[in-house]
Structure formats: C-alpha cells, structure tokens
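Welcome, and please open the model in your viewer. We will go from one selection to the next and look at what each one holds.

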Amino acid sequence: MEILISGIQVGTVYAVLACGFSLIWGVARIIYMTYAAFYMLAAYLSFTLCTLLGLNPFLSAFLSLVGTTALGVGTYKLCIERIRGHETVVILMSLALIFFFHECILSLFGSTYHRIPPFIPGFTDLFGVRVLNQYLLTL
C-alpha cells in the first residue's frame, strides 16, 4: 500500500510536468523542453529562500514562482523567440539550456539531497500507511 501511495504522489508530479509540456505545445506550437529545468530552478530557489535566508515556506514558494517565471520569460525572449520557426534548433537550444541550468545548480548546491521544511507538518494515516501531510498537497 505504501508503494501505491508513493507512486500516486510521484505520478501527480509527473502529471503536472506533462500538463506543462502539453500547454506549451498547444499554445506556442514549439517543443520547449526547458520547462522541466525551470521546475527544478524554482525548487532550488525556494530551498534557498526558505532554508538559507529563513523566509516563510509559502512566501519563498511564491517568490521562487515569480523569479522563475521572470527567468523563463527572459530566456524565451533572449534564446528562443528568434529561432522559433526552426523546430530542430529550438530543440537543440532547449537541451543546451537544460544542461546549462543543471550544471549551474550542480556547481552551486552539489549532488546531495536537500529538503525544504514542510508546509504542513505531521502525518496522516491513509489505509494503514503513515503519509506526510506535505505529500497530501500533491494529491
């Protein structure tokens, strides 16, 4: 049962990512894979604001959303907008941006696992399995 609940939780995160890819393709008609890198950047920015600067988790999540959105729009305007008509070049630029952002995060934070304090502390029993209330936010 624990594996089922964990699978549902991870699956919902993947579903959010898939909805983002689908939305970008449906609206802009480009394959812009850098979306997942911005998801990662938002998580690390939220970690930095919450843990290292001591901000409230909700405020850090909001500020990381605003900051990452600004970075995403800037990256699109600077790197993608001019080459939008060439699908292969857009895919290659997206991959280059993914590698760039990944390496920046890896050099700044290393390869160790980092945690943000939970938005909602505590556990809930769900079908005999103790589930973090934090994970219930994704369901």
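**Stop one: helix 1 and helix 2**

Select V13, V16, L17, G20, F21 and I24 in helix 1, then Y35, A36 and Y39 in helix 2: these two groups meet, where contact means heavy atoms within 4.5 Å. Helices here are DSSP runs (H or I, at least four residues), numbered from the N terminus. This is a predicted model, in which local features need pLDDT of at least 70 and side-chain atom pairs count only at pLDDT 80 or more, while totals for chains, interfaces and linings use all residues. Residues are numbered from 1 along each chain as its sequence is written, and side-chain values use heavy atoms, with hydrogens and water left out.

Colour your selection by class and you will find eight nonpolar residues, one polar and no charged. Here Ala, Val, Leu, Ile, Met, Phe, Trp, Tyr, Cys and Pro count as nonpolar, Asp, Glu, Lys and Arg as charged, and the others, Gly among them, as polar.

Now look at the axes of helix 1 and helix 2, which come within 10 Å and cross at roughly 130°. Axes are lines fitted to C-alpha atoms, for helices over the stretch in contact, and angles run from 0 to 180 degrees between N-to-C directions. That crossing angle makes helix 1 oblique to helix 2; angles under 35 degrees count as roughly parallel, over 145 as roughly antiparallel, 65 to 115 as roughly perpendicular and the rest as oblique.

**Stop two: helix 2 and helix 4**

Next, show helix 2 with helix 4: they pack at an angle of about 25°, with their axes 10 Å apart. The two are therefore roughly parallel to each other. To see the contact, select A37, F38, M40, L41, Y44, F47 and T48 of helix 2 with I98, F101, H102, I105 and F109 of helix 4. By class, this contact has 10 nonpolar residues, two polar and no charged.

**Stop three: helix 3 and helix 4**

Keep helix 4 and add helix 3; their axes come within 11 Å and cross at roughly 135°. That makes helix 3 oblique to helix 4. Pick L71, T75, C79 and I80 of helix 3, and V90, M93, L97 and F101 of helix 4, to display the contact. Seven of these residues are nonpolar, one is polar and none is charged.
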